[in-house]
Amino acid sequence: MKSDERTELTPEERVEIESLPRERQPGRLLEERTLQSLRARGVLKQRNVMRVRIPWLAAGLAASVALFVSGVTVGQWVGSRTVVESMATAQQQTAMQAAAAVQRAGSAYVTALMAFAAVADSSSNGAFAQGREAALNALYAAAFELVQIDPTDPVAVTIREGLEQSRLEARQADNSAIQSVVWF
Amino acid sequence: MLDGDEQAFRTLYRRHTPRLYQFALRVLAGREQDAEDVVQETWIRATEKLGQFRWESNLGTWLTGIALNLCRMLFRRQDEKWLEIREDLEPLIHEPQEHERIDLEDALTRLPSGYRTVLLLHDVEGFTHQQIGNQLEVSVNTSKSQLFHARRALRRMLTPLEVEKRGRAK
């Protein structure tokens, strides 16, 4: 740079200018500062989930613990409710099962009586009396239980009373027979 | 970057910022804080105006233009006539003392902001006078004059006084 009046650069001057560094790193915080400004303006949205900061991590852990505890609590409550409901259901199922058993037993009883009636003519007198007594005993026991269930049920009461009267008369007849035997 | 992808922005930022920062730092005579503010504001404006950018052109040049405008705003705040040719400024240029050695980088910081800006754009960044005129909103002649004065001032600063004295003695 020898003359003030030259307008063009000399080759030496050009080399000197071209040797100037073209890049320089700014402060490390500038990038984050710039990104923060852009995020605040809604230009950028953070997608990198690996850049979780410690306060967020702590908040996440606290939320997880709270979720776990509330889950256990709710689970226990739901569990206790389920047991109560299960017991109620079991009781309901037992009553229904009992009713079904009564129905099945009644059908079997009637079916057995029908079978017995079908063969009664060809059966011996002892077998007939035994079958009839068994049927009456079953009918009496059933009437007895029905009156226990509902003492105001006139049908059940009438059947039981009729059967009791019949049994009483039969017992008296038996006693007469025995006496007759004794007497004979 | 257009859909707000932060990772894409970081990639773009890291690729262009070192050059952008160096440019702003030179234009602003080594004022680091101002240069960082300019870089940050450049990216903010660039993302806002990205829709206007034509991707077939050079993104670096476009960013430099934005940064330059921000530097101009700073200069204007300090001196409305920062780009006028003022002969009275010449004696105010901080020339080195007799045995002081300064390098080109130091000499650039001692130039008046108008001189420095035009010289940097023309001789360092490779802008034409027409492009400088468009960027700074001045005429081509003003750009040429600024460059002439800038080079002259720079030579005076970089020429050791004893060499200059010997040259004058011949």
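# A tour of a two-chain helical model

Read along its sequence, chain A follows the pattern α-α-α-α-α. That is five helices and zero strands. The model is a predicted one, and the predictor gives the complex an ipTM of 0.82 and a pTM of 0.57.

**Stop 1: chain A, coloured by pLDDT.** Select chain A and colour it by confidence. The mean pLDDT of chain A is 75, with 73% of the residues scoring at least 70. Helix α2(A), residues 29-40, has the highest mean, at 93, while helix α5(A), residues 154-183, has the lowest, at 69. Now select residues 178-184 of chain A: here the pLDDT is below 50, and the stretch has zero contacts in the model beyond near neighbours in sequence. Where pLDDT is low, the predicted coordinates should not be read in detail. Before leaving chain A, note its burial: of its 184 residues, 4% are buried.

**Stop 2: the contact between the chains.** Show chain B as well, and select the residues of each chain that touch the other. On chain A there are 28 of them, in contact with 29 residues of chain B. Helices α1 (11-18) and α2 of chain A each supply at least two residues of the chain A side. The largest share comes from α2(A), with seven residues. Colour the chain A side by residue class to see eleven nonpolar, seven polar and ten charged residues.

**Stop 3: chain B as a whole.** Hide chain A. Chain B has eight helices and zero strands, in the order α-α-α-α-α-α-α-α from the N terminus. Of its 170 residues, 32% count as buried. Among contacts in chain B with a separation of 6 or more, 65% are between residues 24 or more positions apart. The mean pLDDT of chain B is 85, and 81% of its residues reach 70 or more. Among the elements of chain B, α2(B) has the highest mean pLDDT, 95, and helix α8(B), residues 161-169, has the lowest, 54.

**Stop 4: the largest nonpolar core.** Which of the 38 residues in the largest nonpolar core touch the most other members? Select Ala24(B), Val39(B), Ala67(B) and Cys71(B), which are the ones to centre on. Then widen the view to the helices around them. At least two core residues come from each of α1 (6-27), α2 (32-48), α3 (59-78), α4 (104-110), α5 (113-124), α6 (129-136) and α7 (140-158) of chain B. The most come from α1(B), which gives eight residues.

Centre on Ala67(B) and display its contacts. Leaving aside residues up to four places away in sequence, Ala67(B) touches Leu20(B), Phe23(B), Ala24(B), Val38(B), Val39(B) and Thr42(B).

**Stop 5: α5 against α7 in chain B.** Keep only these two helices on screen. The axes of α5(B) and α7(B) come within 8 Å and cross at roughly 100°. That angle falls between 65 and 115 degrees, so α5(B) is roughly perpendicular to α7(B). To see the contact, select Gly114(B), Tyr115(B), Arg116(B), Val118(B), Leu119(B) and His122(B) on α5(B). Opposite them on α7(B), select Ser143(B), Gln146(B), Leu147(B), His149(B), Ala150(B), Arg151(B) and Ala153(B). By class, the residues of this contact divide into six nonpolar, five polar and two charged.

**Stop 6: Leu120(B).** Stay on helix α5 of chain B, where Leu120(B) is found. Is Leu120(B) buried or exposed? Leu120(B) is buried, because 21 other C-beta atoms lie within 10 Å. Not counting residues up to four places away in sequence, Leu120(B) touches Arg26(B), Val27(B) and Glu125(B). Draw the distance from Leu120(B) to Arg26(B): the two are 94 residues apart in sequence, yet 7.9 Å apart in space, C-alpha to C-alpha.

**Stop 7: two loops with positive phi.** Go to the loop between α1 and α2 of chain B and select Ala29(B). Ala29(B) has a positive phi of about 55°, although it is not a glycine. With 15 other C-beta atoms within 10 Å, Ala29(B) is partly exposed.

Finish in the loop between α6 and α7 of chain B, at Glu137(B). Glu137(B) is not a glycine, but has a positive phi of about 60°. Glu137(B) counts as exposed, with 10 C-beta neighbours inside 10 Å.

Conventions. Residues numbered from 1 in each chain as written. Chains lettered and ligands numbered in written order. Predicted model: local features only at pLDDT ≥ 70, side-chain atom pairs only at ≥ 80, totals over all residues. Helix = DSSP H or I, 4+ residues; strand = E, 2+ residues; numbered from the N terminus. Buried ≥ 20, exposed ≤ 12 C-beta atoms within 10 Å, placed from the backbone. Contact = placed C-beta atoms within 7 Å. pLDDT = per-residue confidence, 0-100. Core = buried A, V, L, I, M, F, W, Y, C linked by C-beta atoms within 7 Å. Nonpolar A, V, L, I, M, F, W, Y, C, P; charged D, E, K, R; others polar. Axes fitted to C-alpha atoms, helices over the stretch in contact; angles between N-to-C directions. Parallel < 35°, antiparallel > 145°, perpendicular 65-115°, else oblique.
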